[in-house]
Amino acid sequence: MPDTNAAPWPWVRARLSALRPAPRPGTGRSEAQKLRTAVVTDSAAALPARYVEALPGDGLLTVTPMPVMVGAEIYGEGEDDILETIALALAAGTQVKTSRPSPGQFEQAYRTAQRNGYESVVSVHISGDLSGTVDAARLAARRVDIPVQVIDSRTVGMAQGMAVQAAVKAAAAGAGQTAVATAAALQAEGTKVYFYVPSLEQLRRGGRIGAAASLLGTMLAIKPILAVDGGKIVPLEKVRSAVRAVARLEEIVAEDARKRPEGSVRLAIHHFGNPQEADRLATRLAAALPECPPAQISSLPAVLAAHAGLGVLAVIVGQETGTAGGLST
């Protein structure tokens with residue numbers, strides 16, 4: 001499903017090109033360019049396709065797809081109709097599972113960055129408490145000659161994506177590996193994920209919450225509001241109806257946004273199978289936060305949709321950092 005209310009991604013290519021230091025006359029690359037760093041991530045970052053497509057085609061960013069298994073079939077992020085396939089499978093009770101990318105996939109990405117002339121890599125990934133992806137990246141980092149710094153973002157979705165954008169912006173400005181990694185880590189630390197799911201069952205099946213919590217929610221018809229905190233999914237509030245849960249989610253997001261520096265807040269909304277509900281939530285948030293740019297709306301990436309289940313609404317609250325590692329706009 002296409003993104004809506006997205007930032008003007010076609011401008012990203014021009015902006016990043018302008019940020020790259022020009023070579024000094026009579027030399028090859030400048031000192032900053034000699035230290036230039038590539039960024040690698042995984043598809044749990046939920047980066048808009050238009051953002052990725054607008055980047056220069058020189059390997060600055062590589063997004064490694066995370067596999068989803070529906071029954072006996074294995075799918076990769078970006079394949080046609082994968083979200084519809086997952087939705088039908090969940091409705092039919094067919095087993096849906098996910099897996100981390102293989103260390104070999106990351107090794108290939110790092111070696112490709114080296115062949116493209118990059119001299120270091122920052123690899124930013126989904127929370128290690130939610131996936132083994134960061135471990136696969138660390139294994140791959142030990143197999144290559146190019147220096148790789150692996151970052152456990154301790155988050156997921158566009159919260160992770162905003163950290164990746166911060167890393168890309170810093171790298172395009174000529175920052176070295178340490179500065180790029182710091183930009184990603186600071187952005188991830190300051191970004192929050194709040195979400196509502198109609199049922200906890202799919203999260204339980206995937207081992208993301210405990211069986212007792214899932215059973216309690218089902219028996220009492222509780223509609224939970226959850227958050228990602230310290231890299232884990234944690235309960236935030238328990239609400240008795242879906243309507244009230246969405247309304248309370250909106251309130252929590254607005255409260256968070258108002259505590260941040262005016263003009264700095266950026267919002268993203270994810271959904272799975274309920275785009276109209278996401279649109280309505282975005283409209284209400286725009287009215288509540290008139291100083292904030294419109295929220296970017298997108299479907300959850302397949303690897304997250306498989307665990308959250310149909311009907312999820314997630315809101316990511318981030319902000320510009322005011323440094324080279326700020327969000328790309």
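**Strand β6 and an aromatic pair**

Tutor: In this predicted model, six of the six residues of strand β6 (residues 120–125) are buried, so the strand is largely enclosed by the rest of the structure.

Student: Which residues of β6 point one way, and which the other way?

Tutor: Ser120, Val122 and Val124 point one way; Val121, Ser123 and His125 point the other way. Both sets are buried. In a regular strand, side chains alternate between the two faces of the sheet.

Student: How do you know that β1 and β6 pair?

Tutor: Pairing takes at least two bridges. Five bridges join β1 (residues 37–42) to β6, so they pair, and they run parallel. Threonine 41 has valine 124 as its bridge partner in β6.

Student: What makes β6 and β7 a pair?

Tutor: Five bridges, against the required two, so β6 and β7 (residues 148–152) count as paired, in the parallel sense. Valine 121 stands opposite valine 148 in β7. From β6 the chain crosses through helix α6 (residues 133–141) to β7, and this β-α-β crossover is right-handed.

Student: Why are phenylalanine 106 and tyrosine 110 called stacked?

Tutor: Ring centres must lie within 6.5 Å, with planes under 30 degrees apart. Here the values are 6.4 Å centre to centre and 20° between the planes, so the pair is stacked. Both residues are buried. They are four residues apart in helix α5 (residues 103–115), so about one helical turn separates them.

Student: What makes arginine 36 lie over the face of tyrosine 118?

Tutor: One test is a distance within 6 Å of the ring centre. Arginine 36 is at 4.1 Å, and it lies over the face of tyrosine 118.

Terms used
Residues are numbered from 1 along each chain as its sequence is written. This is a predicted model: local features need pLDDT of at least 70, side-chain atom pairs count only at pLDDT 80 or more; totals for chains, interfaces and linings use all residues. Side-chain values use heavy atoms; hydrogens and water are left out. Buried means under 20% relative accessible area, exposed over 50%, partly exposed in between (1.4 Å probe, protein chains only). A crossover is right-handed if, with the strands pointing away from the viewer, the path from the first strand over the helix to the second runs clockwise. Rings of Phe, Tyr and Trp (its six-membered ring) pair if their centres lie within 6.5 Å; planes under 30 degrees apart count as stacked, over 60 as edge-to-face and the rest as tilted. A charge sits over a ring if NZ of Lys or CZ of Arg is within 6 Å of the ring centre and within 35 degrees of the ring normal.
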